[in-house]
Amino acid sequence: MATAPHTLVSMPELSPGVSEWVEQVRELTQPAKVYWCDGSQSEFQRIRGELVARGELKELNKETFPNCHLYRSDPTDVARVEHLTFVCTQSKDDAGPNNNWMAPDEAKAKMRGLFAGCMKGRTLYVVPYCMGPIDSPYARCGVEITDSAYVVLNMAIMTRIGRRALERIAAEGTFVKGLHSTGDLNPARRFIMHFPEELGIQSIGSGYGGNALLGKKCHALRIASWQARSEGWLAEHMLIVGLQSPRGETHYVAAAFPSACGKTNLAMLIPPDALPGWKVFTVGDDIAWLHPGPDGRLWAINPESGYFGVVPGTNPKTNKNAYDMIRHDTLFTNVALTADNEPWWEGRKDSQPVTDWLGRPYDPSNGPAAHPNSRFTVAATQNPAYTQAAAEPRGVPISALIFGGRRRELAPLVYEARSWAHGVLVGASVASETTAAAVGEVGVVRRDPMAMKPFAGYNYGDYFAHWLNVGAKLKRPPRMFHVNWFRQSADGKFLWPGFGDNLRVLSWMLERCANRAEAQDTAIGFLPRPGDLNLQGADVSAQAVTELTTVDKAGWLREVGDFRGYLQEFGSHTPKQLYDELAEVERRLKA
Ligand code: GTP
Ligand code: SPV
Ligand code: MN
């Protein structure tokens, strides 16, 4: 077979700009070896084999979970660390009160000290990657340098890595520089630093998820949101899903929910039997890059090529697509094991754990068997609902934007905003209970505008203004909605069945978009009356539906006051239009 001419050029020769930076990092970190990842299947298998041989990765049951492996992270390193994540802009005001800030020079000096000699005896991997379809004008490239082979495997699944990404970098001349080392995994020496003005990321002391897979939250959200602001687009914590109705119309919607609040599940939902004729297509499960298109609509690409998804709760009833998808060729992190060497997690009902996520014999008094933030890493193409639209260079047109949170109380099942500006207010007012996706207390309601509290790479006041500006450019803006799948009754039970049944809410939204569905006009927006939702065959009481579609005026008046106080934290950065929209909601609540 003839060799393609471009493979005659070695990877370091392909991009002198990248080579020069790799050389600087090599001098600083002093690895035993430097290895450039070409992104081939054979390379992936070799690196995975080396991890298995070193005992860092455990092969799972070959018959029932072929090509699946378990990785146990350091027990102190199991989630994102928001308190150790910084946005380092020249001006503190640019990072805003929503971010931890450090002056760039101070941050670099601190990180230089930590990176000095940190790769002694280790391999330095150079991972060129592309976020988005490689031939998309909206895709952006970066290079992650890491000393973690586990990170390399994850990046290989989650992004498009290797030679083609490097070729694009060589042609474009710019790339995001991401430097990562697991360091000594000591939380006291763990920092995730962002330098948006220089397109730089430096991360040390963690090997886990969003802290270490730098293409994901660090690049595709924090750095990208900064770039998107000056370039007129949006980088968001959103799933993208296509819904084909029984009429044969396909609409794409994008939805922002905070971490561990249902994006992966909604992106691949299975229609309930009572709603025949619907088809669901997953474009993305975590991140959307949204661009105003020449046709006046908003278009979305998924910059990722895989899913780093929450394992607990996944079973054939909640999410059969995900359950089937992770039966083969999947990297599991921090799950438990059965006696048959199968992965096990809370919510997997068909077997029992014998070993917990820490490798100890399972004892319920030690807490859950799988870590609540245990994750699967899997190629998007393994999803039964995967669509080729995810590889479409121009992306997909968005008919509706959805915001949501995990709220026991107050927020109804669904409501629709009156306009784009009102929708920005609705998105900005998202509040949600904290989850195990980040270190810290779980179940505390906090403000999480557009589900971007941990990820907006600049001042939230400026971010809200940017959202308003993007909408003003759209001739055919998507409708905007807010949902809450997590309302609870007084005895702590979910009022709404969720998962596949969420299609009942989505179908109402699409009917609203087509001006075919009715609604009640309330102070907070348009809500379905119970009769406007298709609830045929749904396991939900009439009383619960009434509760889910009622606006608690006193509660909402308190919410408005609380939210106004929150907006004031951003001082003069908060756009006046947002206060005007809030005043209008308040006026209606008092009317
Ligand atoms: P990140 O990957 O952290 O950004 O999270 P995500 O938003 O993709 O969350 P995911 O879909 O993984 O869901 C997190 C948890 O919420 C899982 O344990 C799910 O089983 C549960 N969940 C998802 N959708 C629903 C729902 O509609 N109702 C209920 N009750 N639980 C849900
Ligand atoms: C999240 O926390 O929102 C995730 C997982 O999607 S992580 O990659 O760790 O950010
Ligand atoms: Mn996420």
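Helices H12, H16 (553–568) and H17 (576–590) each supply at least two residues to the lining of the largest cavity, and this enclosed space is a convenient place to enter the structure, which is a predicted model. The cavity holds about 120 Å³ of space, and among the 4 cavities of 30 Å³ or more that are counted here it is the largest. Its wall is made by Tyr 415, His 422, Leu 425, Val 426, Ser 429, Ile 524, Trp 556, Glu 559, Val 560, Phe 563, Leu 582 and Val 585. Of the contributing elements, H16 gives the most, with 4 residues, and by class the lining divides into 9 nonpolar residues, 2 polar ones and 1 charged one.

From this cavity the path leads along H12 to a helix that packs against it. Helix H12 (residues 420–428) and helix H13 (residues 460–472) have axes that come within 9 Å and cross at roughly 150°. Angles over 145 degrees count as roughly antiparallel, and H12 and H13 are therefore roughly antiparallel to each other. The crossing in which H12 passes H13 is right-handed. On the H12 side the contact is made by Trp 420, Ala 421, Val 424 and Ala 428, and on the H13 side by Phe 464, Trp 467, Leu 468 and Gly 471. Sorted by class, these residues comprise 7 nonpolar and 1 polar, with no charged residue in the contact.

A second helix pair can be read in the same manner. Helix H3 (residues 41–53) packs with helix H6 (residues 149–158) at an angle of about 145°, and their axes lie 10 Å apart. Here the crossing is left-handed. H3 brings Phe 44, Ile 47, Arg 48 and Leu 51 to the contact, while H6 brings Ala 149, Tyr 150, Val 152, Leu 153, Ala 156 and Ile 157. The contact of H3 with H6 has 9 nonpolar residues and 1 charged residue, and no polar one.

Both of these helices also take part in an open space, the second largest pocket, where about 740 Å³ of space lies. This pocket is lined by 35 residues, of which Gln 41, Ala 156, Ile 157, Thr 159 and Ala 379 are the closest to its centre. Ala 156 and Ile 157 thus appear in the helix contact and again beside the centre of the pocket. The elements that give two or more residues to this lining are H3, H6, strand E8 (160–161), helix H7 (163–172) and strand E22, and the largest share, 6 residues, comes from H3. By class, the lining has 16 nonpolar, 13 polar and 6 charged residues.

Strand E22 (375–379) leads onward, as it also supplies at least two residues to the lining of the largest pocket. About 1,100 Å³ of space lies in that pocket, and of the 47 residues that line it, Ala 260, Cys 261, Val 310, Pro 312 and Arg 406 are the closest to its centre. Besides E22, the elements that each supply at least two lining residues are helices H8 (209–212), H9 (215–231), H10 (263–267) and H11 (316–325), together with strand E18 (306–310). The largest share comes from H10, with 4 residues. The lining as a whole divides into 20 nonpolar, 18 polar and 9 charged residues.

Key
Residues numbered from 1 in each chain as written. Chains lettered and ligands numbered in written order. Predicted model: local features only at pLDDT ≥ 70, side-chain atom pairs only at ≥ 80, totals over all residues. Heavy atoms only, no water. Axes fitted to C-alpha atoms, helices over the stretch in contact; angles between N-to-C directions. Left-handed = near helix turned anticlockwise from the far one by under 90°. Contact = heavy atoms within 4.5 Å. Nonpolar A, V, L, I, M, F, W, Y, C, P; charged D, E, K, R; others polar. 1 Å grid on protein atoms, 1.4 Å probe; cavity = no way out; pocket = protein on both sides within 12 Å on 5 of 7 lines; lining within 4 Å. Points joined across faces, edges and corners; volume = space filled by probe spheres on them. Parallel < 35°, antiparallel > 145°, perpendicular 65-115°, else oblique.
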